[in-house]
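Subject: Structure handover

Hello,

Here is the structure I said I would pass on, with the sequence alongside. My notes on what turned up follow below.

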Amino acid sequence: MKAKVSQISPDKLYASLLKRKNEQEQQARLKSPIVNANKYLVPSNRNGGGNSKIEAKKTRPATGKDLKDVSSVLIKKTHARQNSKLIETKENSQNLSANALSILLKIKQDRPETKQLGIQQSKDVFNQQAISKKYQKLMEMTKQQQQSIVKSKLFKGPRSISNPDISNLQLFISKANGLSTPGMLYNGQTKTNQDIYKLINKFTNKENDWYIQVSDGHGTNGHQVAQFLQQVLPSFIEQGITSISSCYDRDKQINTILKNCFLQTNEELLDCGIDVTYSGATTVVVISFENVLYCANIGDSRAIIGRFDNKLSIIELSKDHKPDCFLEQARIIQRGGRVQAYSDEDGNPIGPARVWKSDEDVPGLAMSRSFGDYVASQVGVIAEPEIIKHSLLPCDKFIIVASDGIWEFLSNEWVVETVYEYYKKDDMQGACQRLVQAAREAWQREDEVIDDITVVIAFIK
């Protein structure tokens, strides 16, 4: 028996198929998850062009209109999973709004005009502080200048690397004395004393300032040269010191004055009428400005300080200018001279190194710096002094300034130890006599002649 086939019209069949398709699409939409508003997805083409637009719309960030749509969905009691997703979307949107508000507030606070106002204010404060500091500094400088004028002090307490700030120490030469004796010739006859010393208390009319000078003449007219230096050099130095009007850079000024005075004195010596062709003199000068000592030296006279700080020690204020010292010899050779000692018949050196002309055996000078000595000056012997500054310390006890008659055979150590025993007894004259006696005895033992011997001792308190 054949089954009965119902006849369905084409219109009903099309309507039935369309209805089924719509139901399937609706079910697909209900089953698909709600997209988080903070994420972006690429729309799918599987549901056709219309569904692609719907999916793309779901991927956009939530706006105010979208939030209204979310509220309407919640009122209609949509699926619980959809509700939770929508609530998350709403919270994210609110957080974004809060973050945007905070950013706007920060931008408003950081506006250029607000910053400029703060900068201008701090700049004004800085300018006021700078002006105030400059004013205070100017007032302090004025006060210091007025105090220096009132006190009439040329030098203040020194500062140096070895001795920091010792301006409060009242150290100075309390007293000084000297002794000079003539030497002896080969035949035992007493020779003309070519040594001379000079002591000036209250130098440049300043209390506690001292001037000490020891000059050692040599050559036929060496005694005349030494006497000339005793008269001329101190007056030149005093004039130079008193011409200083300020304490600014005093060390440089003192060095310049001492150097110029030595050179000027030498020029005067060459024009004074004394025959200095082969005659001259070495000189060491020590100037004491209360706490500070300046020593200027040419030749082989010497100045030292005896220091006692748990034990005795020596501070050298000068350096001997011997021809065989490296720098001295280099200058002499450069100027066309030569340096060598006397020689015996076998060519062996005898005695100290001496300065000679390259083509003649003259002048034979045993020092590389001196006043006068015209021939020697043509081959590098100069009258420019070497200057050393020293700031006194409480452990500095005494100063010894002497010609090479003392230093030729007596060591610095022995001299300081001897003088210290007399320093403890406050016997300055006894110390001078002891040194001169010891030096003469040493010359008699070591040589056929005795050189002129001169020493000056100053006690520091």
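Pro-363 sits in strand E10, and the peptide bond leading into Pro-363 from Val-362 is cis, with omega near 0 degrees. Please keep in mind that this is a predicted model. Most peptide bonds are trans, and most residues other than glycine have a negative phi. I therefore list the exceptions to the phi rule here as well.

Backbone exceptions

Lys-202 is not a glycine, yet its phi is positive, near 55 degrees. Lys-202 belongs to the loop that links strand E2 (195-201) to E3. Its relative accessibility is 43%, so Lys-202 counts as partly exposed.

Asp-373, also not a glycine, has a positive phi of about 50 degrees. Its loop runs between strand E11 (371-372) and helix H9 (374-377). Asp-373 counts as buried because its relative accessibility is 3%, below the 20% cut-off.

Asp-426 follows just after H11 and has a positive phi of about 55 degrees.

Overall make-up

The protein chain contains 12 helices and 14 strands. It has 461 residues, of which 38% count as buried. Among contacts with a separation of 6 or more, 65% are between residues 24 or more positions apart.

How many disulfides does the model hold? The count is 0. Two cysteines can be described by their accessibility: Cys-325 is partly exposed at 31% relative accessible area, while Cys-432 is buried at 0%.

Helix H11

H11 covers residues 412-424, which is 13 residues. From first C-alpha to last, H11 reaches 18 Å, close to the 18 Å expected at 1.5 Å a residue. The buried residues in H11 are Asn-412, Val-415, Val-416, Thr-418, Val-419, Tyr-420, Tyr-422 and Tyr-423. An α-helix has 3.6 residues a turn, so residues three or four places apart point the same way.

What do the buried residues of H11 pack against? Their partners are four strands and two helices by name: strands E6 (302-308), E7 (312-316), E13 (396-402) and E14 (453-460), and helices H10 (404-407) and H12 (428-446).

Asn-412, in helix H11, has 10% relative accessibility and so counts as buried. Beyond its neighbours within four places in sequence, Asn-412 is in contact with Arg-302, Ile-304, Ile-314, Glu-316 and Trp-407. Of these, Glu-316 is 96 residues from Asn-412 along the chain, and their C-alpha atoms are separated by 9.2 Å.

Strand E14 and the loop before it

Val-455 is part of strand E14. Val-455 is buried, since its relative accessible area is 0%. Leaving out residues up to four places away in sequence, Val-455 touches Asn-177, Gly-178, Leu-179, Ile-400, Val-401, Ala-402, Ile-406, Cys-432, Leu-435 and Val-436. Cys-432, one of these, is the buried cysteine mentioned above. The C-alpha atoms of Val-455 and Ala-431 are 9.8 Å apart, with their positions 24 residues apart along the chain.

Asp-452 is in the loop between H12 and E14. Is Asp-452 buried or exposed? Asp-452 counts as buried because its relative accessibility is 1%. Setting aside residues up to four places away in sequence, Asp-452 touches Thr-181, Pro-182, Gly-183, Lys-191, Thr-192, Asn-193, Gln-194, Asp-195, Ser-403 and Gly-405. Its C-alpha lies 8.8 Å from that of Ile-406, a residue 46 places away in sequence. Ile-406 is also one of the residues touched by Val-455.

The largest pocket

Rolling a probe the size of a water molecule over the atoms shows where empty space is left. The largest pocket has a volume of about 1,200 Å³. Its lining has 37 residues, and those nearest its centre are Arg-354, Ala-366, Asp-404, Trp-443 and Asp-451. By class, the lining splits into 17 nonpolar, 7 polar and 13 charged residues.

Which strands each supply at least two residues of this lining? They include E3 (209-218), E9 (349-357) and E10 (363-365). E9 gives the largest share, 5 residues. E10 is also the strand in which Pro-363 is placed, so to look at the cis bond, start from Val-362 and Pro-363.

Regards

Technical notes. Residues are numbered from 1 along each chain as its sequence is written. This is a predicted model: local features need pLDDT of at least 70, side-chain atom pairs count only at pLDDT 80 or more; totals for chains, interfaces and linings use all residues. Side-chain values use heavy atoms; hydrogens and water are left out. The expected span of a helix is 1.5 Å times one less than its number of residues. Buried means under 20% relative accessible area, exposed over 50%, partly exposed in between (1.4 Å probe, protein chains only). Contact means heavy atoms within 4.5 Å. On a 1 Å grid over the protein atoms alone, a cavity is a set of points where a 1.4 Å probe fits but cannot get out, and a pocket is an open set with protein on both sides within 12 Å along at least five of seven lines; lining residues have an atom within 4 Å of a point. Grid points are joined across faces, edges and corners, and a volume is the space filled by probe spheres set on the points. Ala, Val, Leu, Ile, Met, Phe, Trp, Tyr, Cys and Pro count as nonpolar, Asp, Glu, Lys and Arg as charged, and the others, Gly among them, as polar. A disulfide is a pair of cysteine sulfur atoms within 2.5 Å.
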